[in-house]
Amino acid sequence: MTLAADLLDIATRIAREAGDLAARRRREGVEIATKSVAADIVTAADREVEAFIRAELERERPEDGFFGEESDAHESSSGVTWVVDPIDGTVNYAYGIPAWAVSIAAVEGSADPAEWTAIVGVVYNPVSGEMFRATRDGGAWLGEERLAVNDQVGPAGGLVATGFGYDPATHAPTLERLARVMPVARDIRRIGAASLDLASVAAGRVDAYYEKGTNPWDHAAGVLLVEEAGGMVGGSPGGRPGKGMVIAAGPGFYGRIADALETEE
Ligand code: LIP
């Protein structure tokens with residue numbers, strides 16, 4: 001079995017078990033705490049689920065590194081680092097909106113988000129039971145269905161997913177950015193979880209996704225899904241996807257939305 005295939009098996013099993021744990025805790029009731037700003041929340045389940053994922057990964061691959069949303073990073077001695085968001089879409093999870101996911105990626109080459117190469121990515125939605133998965137050069141899949149981005153965007157424009165940061169100070173520029181995108185969009189979708197937004201691009205359920213201010217654990221797995229589904233990904237003008245910007249779309253629409261976003265300079 002190749003390294004990617006082995007890592008995919010591990011990621012898929014752990015994502016499913018972690019997602020089912022999170023779903024159980026949701027049914028039992030959610031305890032909420034605040035992080036950076038009032039709207040940036042974390043639940044006890046976020047921390048418990050990340051601890052579960054971390055312990056399972058350490059048991060399976062003790063030499064690998066870890067880079068997660070809710071706990072300290074751990075340096076890799078194997079060359080592989082796991083990038084984990086235990087519950088992406090935390091606000092949806094807290095409100096009981098059925099749009100949140102466990103996002104797990106395995107990256108190699110560097111533990112720096114600006115330099116690493118994702119080789120495995122899984123995004124698991126425990127509510128729908130959908131396990132989106134991809135390996136580098138192995139395609140993106142949902143069950144036995146091979147995923148492909150939608151590259152036929154007509155004159156009405158693209159169906160564009162996006163997200164808004166928690167910090168109220170970012171809302172004005174976010175809305176200005178949205179106003180620049182609308183001329184190339186038929187409509188907007190604000191799903192509330194970057195990993196599910198990116199999985200939706202990979203599955204052709206939306207034509208594009210963009211967002212400024214997300215964290216590596218929000219998009220590491222989803223970016224690989226889009227790439228392996230034939231899509232294009234990028235960030236701030238000419239850069240890689242990152243906190244400055246994540247853009248994902250089919251090749252035929254990517255330029256239109258990237259141009260609309262680049263005019264903010
Ligand atoms: C969320 C992202 C979402 C973004 C939110 C938040 P979290 O991640 O998935 O796209 O709009 O502001 O960053 O906090 O739920 O893991």
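Biologist: Is arginine 13 buried, partly exposed or exposed?
Modeller: In this predicted model, arginine 13 has 26% relative accessibility. Buried would need under 20%, and exposed over 50%. Arginine 13 therefore counts as partly exposed.

Biologist: Which residue in helix H1 meets arginine 13 in a salt bridge, and at what N to O distance?
Modeller: Opposite charges can pair when the charged atoms come close. The candidate lies in H1 (residues 3-28), four residues from arginine 13, about one turn of the helix. Its relative accessible area is 35%, which is partly exposed. The side chains meet in a salt bridge, and the partner and distance are glutamate 17 and 3.1 Å.

Biologist: Which residue of helix H2 does arginine 13 also meet in a salt bridge?
Modeller: The N to O distance is 3.0 Å. Arginine 13 lies in H1 and its partner in H2 (residues 44-60), so the pair ties together parts 43 residues apart in sequence. The partner is buried, at 13% relative accessible area. It is glutamate 56.

Biologist: Which residues make up the salt-bridge network that holds arginine 13?
Modeller: Arginine 13 bridges to glutamate 17. Arginine 13 also bridges to glutamate 56. The linked set is Arg13, Glu17, Glu56, Arg59 and Glu60.

Biologist: What is the relative accessible area of glutamate 28, the salt-bridge partner of arginine 25?
Modeller: The closest N and O atoms of arginine 25 and glutamate 28 are 3.1 Å apart. Both residues lie in H1, three residues apart. Arginine 25 is partly exposed at 24%. Glutamate 28 is exposed, at 56%.

Biologist: How many salt bridges are counted?
Modeller: The pairs above include arginine 25 with glutamate 28. The rule asks for a side-chain nitrogen of Lys or Arg within 4 Å of a carboxyl oxygen of Asp or Glu. By this rule the count is 11.

Biologist: Turning to strand S10, how many of its residues are buried?
Modeller: S10 spans residues 158-162. One side carries Gly158, Val160 and Thr162, the other Leu159 and Ala161, and both faces are covered. The buried count is five of five.

Biologist: Which helix joins S10 and S11 in a β-α-β unit?
Modeller: S10 and S11 (residues 185-189) pair in the parallel sense over four bridges. Glycine 158 has alanine 185 as its bridge partner in S11. The unit is right-handed, and its helix, residues 171-181, is H4.

Biologist: Which residue of S12 is the bridge partner of alanine 161?
Modeller: S10 and S12 (residues 208-211) pair in the parallel sense over three bridges. In S12, the partner of alanine 161 is tyrosine 209.

Conventions: Residues numbered from 1 in each chain as written. Predicted model: local features only at pLDDT ≥ 70, side-chain atom pairs only at ≥ 80, totals over all residues. Heavy atoms only, no water. Buried < 20%, exposed > 50% of the residue type's maximum accessible area, 1.4 Å probe, protein only. Helix = DSSP H or I, 4+ residues; strand = E, 2+ residues; numbered from the N terminus. Pairing = 2+ DSSP bridges. Right-handed = clockwise from strand over helix to strand, strands pointing away.
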